[in-house]
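Work through the exercises below with the sequence and coordinates at hand. Each task is followed by a solution in steps.

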Amino acid sequence: MERKNLTRPSEFILLGLSSRPEDQKPLFAVFLPIYLITVIGNLLIILAIRSDTRLQTPMYFFLSILSFVDVCYVTVIIPKMLVNFLSETKTISYGECLTQMYFFIAFGNTDSYLLAAMAIDRYVAICNPFHYMAIMNLKRCVLLLVLSFCIPHLHSLLHILLINQLTFCASNVIHHFFCDDQPVLKLSCSSHFVKEITVMTEGLAIIMTPFFCIIISYLRILVTALKIPSATGKRKAFSTCGSHLTVVTLFYGSISYVYFQPLSNYTVKDRIATVVYTILTPMLNPFIYSLRNKDMKQGLMKLRHRVKCQ
């Protein structure tokens, strides 16, 4: 699209993962099953946890909320993406773009805070097993949950307000498959120095706070596990953390690759890396937590049995 002098464009064009017409239907055929698997898989995790009394613990409480947030997270991105695969215009209105960006940032950061809450839960369970239920009581779980939602949503609101102050006078073509922060910033012709400074200060603090909670929790877990005399005890301690560590590695690894670099370096490779934490990680979470967790396997089997009996 030709360049125009605009203060605020009425719409953007999402270029997507590929601009070639012959790629659109195959991409639709790939991402529709991914979306359905993600939604169904995470809903099954929620139903299994809610229907099994043995899974009514803080760990599974946070896992069920994580599954709910993952469903919301992919729903913010994939449905519009699927529509664009089959559409010739591939447009998104200015307001819809900012709304999508708001919920993408909010749910993405909520994921990281929930992962931190789960790491704290594992730390208490392994390092203070006799006081676990007293420490991780309902009041503290609700407090962690409220913080996991409030901080990301306030953080997201700040960034949307800063984006809304920018002037867009360049092309309105977003080289991405959704309204992400970095590609939209590249379209602005006004100074986004304040926005970039905010990203590298407030944004970094918001992202790194849960990450450091996870690191500190696992360092304490490692120290405690190494003090366990038996090899069986060590394996049991580490086995309860394996699924969580796998998800944390996938999530933070791809985010670090995409966002902790200068805006000018944002490339096609970053779009592919974004697919990992926005789409693949939420899809893999149910498999990671169910295949490596005996209690979740039994919970899912019970759920399946109940459905068959009805």
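The exercises treat a sheet, a helix pair and a pocket in a predicted model.

**Exercise 1. Strand order and pairing**

Determine the order of the strands in the open sheet and the direction in which they pair.

Solution.
- Step 1. The sheet is open and has 3 strands, in the order β2-β1-β3.
- Step 2. β2 (91–93) and β3 (173–174) are the edge strands, each pairing on one side only.
- Step 3. Strand β1 (residues 11–14) is joined to β2 by 3 bridges, and these two strands run antiparallel.
- Step 4. Between β1 and β3 there are 2 bridges, and here the strands run parallel.
- Step 5. The pairing of the sheet is therefore mixed.

**Exercise 2. Residue register**

Find the bridge partner of Ile13 in β2, and the residue of β3 that Ile13 stands opposite.

Solution.
- Step 1. On the β2 side, Ile13 has Thr91 as its bridge partner.
- Step 2. On the β3 side, Ile13 stands opposite Val173.
- Step 3. Another bridge to β2 pairs Glu11 with Ser93.
- Step 4. Helix α3 (residues 94–127) lies across β1, β2 and β3, and its angle to β2 is about 85°.

**Exercise 3. A helix pair**

Classify the relative direction of α5 and α7, and list the residues that make their contact.

Solution.
- Step 1. Two packed helices are described by the angle and the distance between their axes.
- Step 2. For helix α5 (residues 138–164) and helix α7 (residues 193–226), the axes come within 11 Å and cross at roughly 175°.
- Step 3. Angles over 145 degrees count as roughly antiparallel, which makes α5 roughly antiparallel to α7.
- Step 4. From α5, the contact uses Ile151, His155, Leu158, His159, Leu162 and Ile163. From α7, Val194, Lys195, Thr198, Val199, Glu202, Gly203 and Ile206 take part.
- Step 5. Sorted by class, the contact has 7 nonpolar, 4 polar and 2 charged residues.

**Exercise 4. The second largest pocket**

Describe the lining of the second largest pocket and state which helix gives the largest share.

Solution.
- Step 1. The volume of the second largest pocket is about 250 Å³.
- Step 2. Its lining consists of Arg122, Ala125, Ile126, Pro129, Tyr132, Gly233, Lys236, Ala237 and Thr240.
- Step 3. Helices α3 and α8 (231–259) each supply at least two of the lining residues.
- Step 4. The largest share, 4 residues, comes from α8.
- Step 5. By class, the lining divides into 5 nonpolar, 2 polar and 2 charged residues.

Methods
Residues numbered from 1 in each chain as written. Predicted model: local features only at pLDDT ≥ 70, side-chain atom pairs only at ≥ 80, totals over all residues. Heavy atoms only, no water. Axes fitted to C-alpha atoms, helices over the stretch in contact; angles between N-to-C directions. Parallel < 35°, antiparallel > 145°, perpendicular 65-115°, else oblique. Contact = heavy atoms within 4.5 Å. Nonpolar A, V, L, I, M, F, W, Y, C, P; charged D, E, K, R; others polar. 1 Å grid on protein atoms, 1.4 Å probe; cavity = no way out; pocket = protein on both sides within 12 Å on 5 of 7 lines; lining within 4 Å. Points joined across faces, edges and corners; volume = space filled by probe spheres on them.
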